[in-house]
Amino acid sequence: MITMYAWPSTADGPDALPMVHFTTDQQAGGEVTPEGTPVWMFDTAIREGGWARFTDFEGWSAPAAGWQAFYRREDDLLAVTGPGSCEGWYQGNLGADEDWVAAAATQQSVVLLAAPVQHPSLYGYAVEAGAAFALLVPLLVV
C-alpha cells in the first residue's frame with residue numbers, strides 16, 4: 001500500500017490562498033520510459049485528473065472540473081477527490097495551523113500541489129525542472 005503525505009502551507013499576501021503539497025515516499029511505480037528513466041507513479045493520475053504544470057497559471061487558476069475538497073476543523077481531516085484515477089485522492093489529517101484554516105475558510109478553495117519530491121521544501125526544484133503540477137479545488141470548511 002502506498003501512503004500519501006500532505007503538508008499545508010499558505011501563500012503570502014492579504015488574500016492568502018491555502019495550499020496543500022502532496023507526495024509519497026515511493027516515487028516510481030515500476031514503469032520506465034524508452035530511455036530507461038523511471039516514470040513518476042502519479043503521472044497517469046495527474047494527466048487524467050486535469051492538473052496543469054505549476055508554471056501554467058492559466059491552466060490551474062480556475063476551479064478544476066470534477067474535483068472537491070472538504071476540511072473538518074474538529075479533527076483536522078482533509079478529504080480530496082477528483083475524476084477518474086484521482087477519485088479518493090487523499091483522506092487524512094493535515095496538521096493545519098490557524099492561519100491555514102482561516103485562509104481556507106475565507107477563500108473556500110485550496111491549491112493542490114504535486115511533484116515527484118519527498119518533501120515540500122524541494123517543490124521549487126521540481127518547478128524549475130518543469131515537473132511540478134497544481135490544481136485549484138473548491139473547498140468546504142466545517
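This tour moves through a predicted model in three stops, from a strand and its two partners to a helix and then to a single histidine.

**First stop: strand β7 and its partners**

Begin by selecting residues 77-81, which form strand β7, and display the surface around them: four of the five residues are buried, so that the strand is mostly covered. Next add residues 68-72, strand β6, which pairs with β7 in the antiparallel sense over five bridges. To find the register by eye, pick Q68 and look across to β7, where T81 is its bridge partner. Then follow the chain through the hairpin of β6 and β7, where four residues lie between the strands, and stop at D76, whose phi is positive and near 60 degrees.

Strand β7 has another partner to bring into view, namely β8 at residues 90-93, which runs antiparallel to β7 and is joined to it by four bridges. Here the pair to label is A79 and Q91, since the former stands opposite the latter, which belongs to β8.

**Second stop: helix α3**

Now select residues 98-107, helix α3, and colour W100, V101, A103 and A104, which are its buried residues. These four lie on the same side of α3, because they cover an arc of only 165 degrees around the axis. In an α-helix there are 3.6 residues to a turn, so residues three or four places apart point the same way. Turn the view to the other side of α3, and E98, D99 and T106 come up as exposed residues.

What do the buried residues of α3 pack against? Showing the strands answers this, for these residues pack against β1 (4-10), β2 (18-24), β6, β9 (109-114) and β10 (133-141); β6 is the strand already displayed as a partner of β7.

Both ends of the helix deserve a look. At the start of α3, a side-chain oxygen of D97 comes to within 3.2 Å of the backbone nitrogen of D99, while just after the helix Q108 takes a positive phi of about 55 degrees.

**Third stop: H21**

Finally, go to strand β2, where H21 has its place. Is H21 buried or exposed? Its relative accessibility is 12%, and H21 therefore counts as buried, the cut-off being under 20%. Show its side chain together with that of S9, and a polar contact of 3.2 Å can be seen joining the two. Widening the selection to what H21 touches, apart from its neighbours within four places in sequence, brings in Y5, A6, W7, S9, L113, P120 and Y123.

Technical notes. Residues are numbered from 1 along each chain as its sequence is written. This is a predicted model: local features need pLDDT of at least 70, side-chain atom pairs count only at pLDDT 80 or more; totals for chains, interfaces and linings use all residues. Side-chain values use heavy atoms; hydrogens and water are left out. Buried means under 20% relative accessible area, exposed over 50%, partly exposed in between (1.4 Å probe, protein chains only). Helices (H or I, at least four residues) and strands (E, at least two) are DSSP runs, numbered from the N terminus. Two strands pair if DSSP finds at least two bridges between them. The arc is that of the directions from the helix axis to the C-beta atoms. Contact means heavy atoms within 4.5 Å. A polar contact is a pair of N or O atoms within 3.5 Å; within protein, one must be able to donate a hydrogen and the other to accept it, and residues adjacent in sequence count only if both atoms are side-chain atoms.
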